[in-house]
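Me: I would like to request a close look at a single part of this model. Please treat that part in its structural setting, in one connected account.

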Amino acid sequence: MAALAATFSLVGGPTHAAALTTAGVGWKLTTQLGVTSASPSKTYTITFATETLRKRYTPLLGPAVAQVNAAGLHLKLGGVEPVNPAKCGPAYHVQITELYRPLGRAGFSQGMPCPNPPKGLGIGGIVAYDSEYWTGYPIATYKLRNTVVHEPLHVLGLDHPNADLNRDGKLADYECVATSYGNTPIMCSPNGGYKTTATMGKLTGYDTNGLRALLANARAQGIR
Ligand SMILES: [Zn+2]
């Protein structure tokens, strides 16, 4: 605390850039889209493009939403509203829709925050799940459940925490820190998270640490 106060007095005034932490073990924030924090007070609301999607995804997101709230963010499951995948919706909405191969790759979904929000404070964004998951695309149940949660976490400001663990100069697919049980962060690319029926679709401790960092960065900037 004393060191922090000294730093403030050296640079002076409330307008200087607060020291932000944007990566840690098993988590990384979406700095390339300018999101470094999440609101400690506002409620983020997940909305759906259609009633069919609301019914489909609400039960799959429920356990993760509870964990996000336990980590300190306010996130709730909401109703139906129009979603334009090319345009950010109302502030603090996490809008969910489906598209056929939104990234042009079979089996890949997309989630991204509205880019470059003021002060780096995430204001929501858009998820486009690959619609082919529901039309026979071969995907393990745990991978589907983890993907469904992975994408909205991108919207909240979490990036892939893949790290060059084998020091070959590349960030490889699935190259992520893991627990002693072999569980990688749910934000690992192209997917990660728990694999059992009871735990799939839940955040790991790595992921919740990332959420806490988003809140800590907000507070470091005086965002309440
Ligand atoms: Zn991802």
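Over residues 1-14, under what value does pLDDT stay, and how many contacts beyond four places in sequence does the model have for them?

Reply: The model is predicted, and over residues 1-14 the pLDDT stays under 50. For this stretch the model has 3 contacts beyond four places in sequence. Across the protein chain, the mean pLDDT is 93, and 92% of the residues reach 70 or more. The setting of that segment is the rest of the chain, described below by its sheets, helices, metal site and disulfides.

One open sheet is built from 5 strands in the order 4-3-5-7-6, and its pairing is mixed. Strand 4 and strand 6 are the edge strands, each pairing on one side only. From one strand to the next, the twist averages 20°. Within this sheet, strand 3 (residues 43-48) pairs with strand 4 in the parallel sense over 5 bridges. Phe48 stands opposite Val80 of strand 4. Helix 2 (residues 51-70) packs on the sheet and touches strand 3, strand 4, strand 5 and strand 7. The direction of helix 2 makes about 170° with that of strand 4. Helix 3 lies across strand 3, strand 4, strand 5, strand 6 and strand 7, and runs at about 155° to strand 7.

Helix 3 (residues 141-156) also carries two of the residues that bind the metal, His150 and His154. These two histidines are 4 residues apart, about one turn of the helix. The protein donors of the zinc ion are the NE2 atoms of His150, His154 and His160, lying 2.0 Å from it. Along the chain, the donors follow the spacing H-x3-H-x5-H. His150 counts as buried because its relative accessibility is 2%, under the 20% limit for that class. His154, with a relative accessible area of 8%, is likewise buried.

A second open sheet has 3 strands in the order 1-2-8, with antiparallel pairing. Its edge strands, each pairing on one side only, are strand 1 (23-24) and strand 8 (158-159). Strand 1 and strand 2 (residues 27-29) pair in the antiparallel sense over 2 bridges. In that pairing, Gly24 has Trp27 of strand 2 as its bridge partner. Helix 4 (residues 205-220) lies across strand 2 and strand 8, and its course is at about 35° to strand 2.

The structure also holds 2 disulfides. With bonded cysteines counted along the chain, they follow the pattern 1-2, 3-4. One of them is formed by Cys88 and Cys114, whose sulfur atoms are 2.1 Å apart. This pair links distant parts of the chain, 26 residues apart. Cys88 is in the loop between strand 4 (74-80) and strand 5 (93-99), whereas Cys114 is in the loop between strand 6 (110-113) and strand 7 (124-130). The torsion about the S-S bond of Cys88 and Cys114 is about -125°, so the disulfide is left-handed. Cys88 counts as partly exposed because its relative accessibility is 33%, whereas Cys114 is buried, with a relative accessible area of 6%.

The other disulfide joins Cys176 to Cys188, with an S to S distance of 2.0 Å. With 95° about the S-S bond, this link is right-handed. Cys176 and Cys188 are 12 residues apart, and each is placed in the loop between strand 8 and helix 4. Cys176 is buried at 7% relative accessibility, and Cys188 is buried at 0%.

The loop between strand 8 and helix 4 is also the place of Thr184. Thr184 is buried because its relative accessible area is 15%, under the 20% limit. Leaving aside neighbours within four places in sequence, Thr184 is in contact with Cys176, Val177, Ala178, Gly192, Gly193 and Thr204. Thus the contacts of Thr184 include Cys176, a cysteine that is joined to Cys188 by a disulfide.

To return to the segment of the request, residues 1-14 keep a pLDDT under 50, while the mean for the protein chain is 93.

Terms used: Residues numbered from 1 in each chain as written. Predicted model: local features only at pLDDT ≥ 70, side-chain atom pairs only at ≥ 80, totals over all residues. Heavy atoms only, no water. Pairing = 2+ DSSP bridges. Contact = heavy atoms within 4.5 Å. Axes fitted to C-alpha atoms, helices over the stretch in contact; angles between N-to-C directions. Donors = N, O, S within 2.8 Å, 3.2 Å for Na, K, Ca; no water. Buried < 20%, exposed > 50% of the residue type's maximum accessible area, 1.4 Å probe, protein only. Disulfide = S-S within 2.5 Å. pLDDT = per-residue confidence, 0-100.
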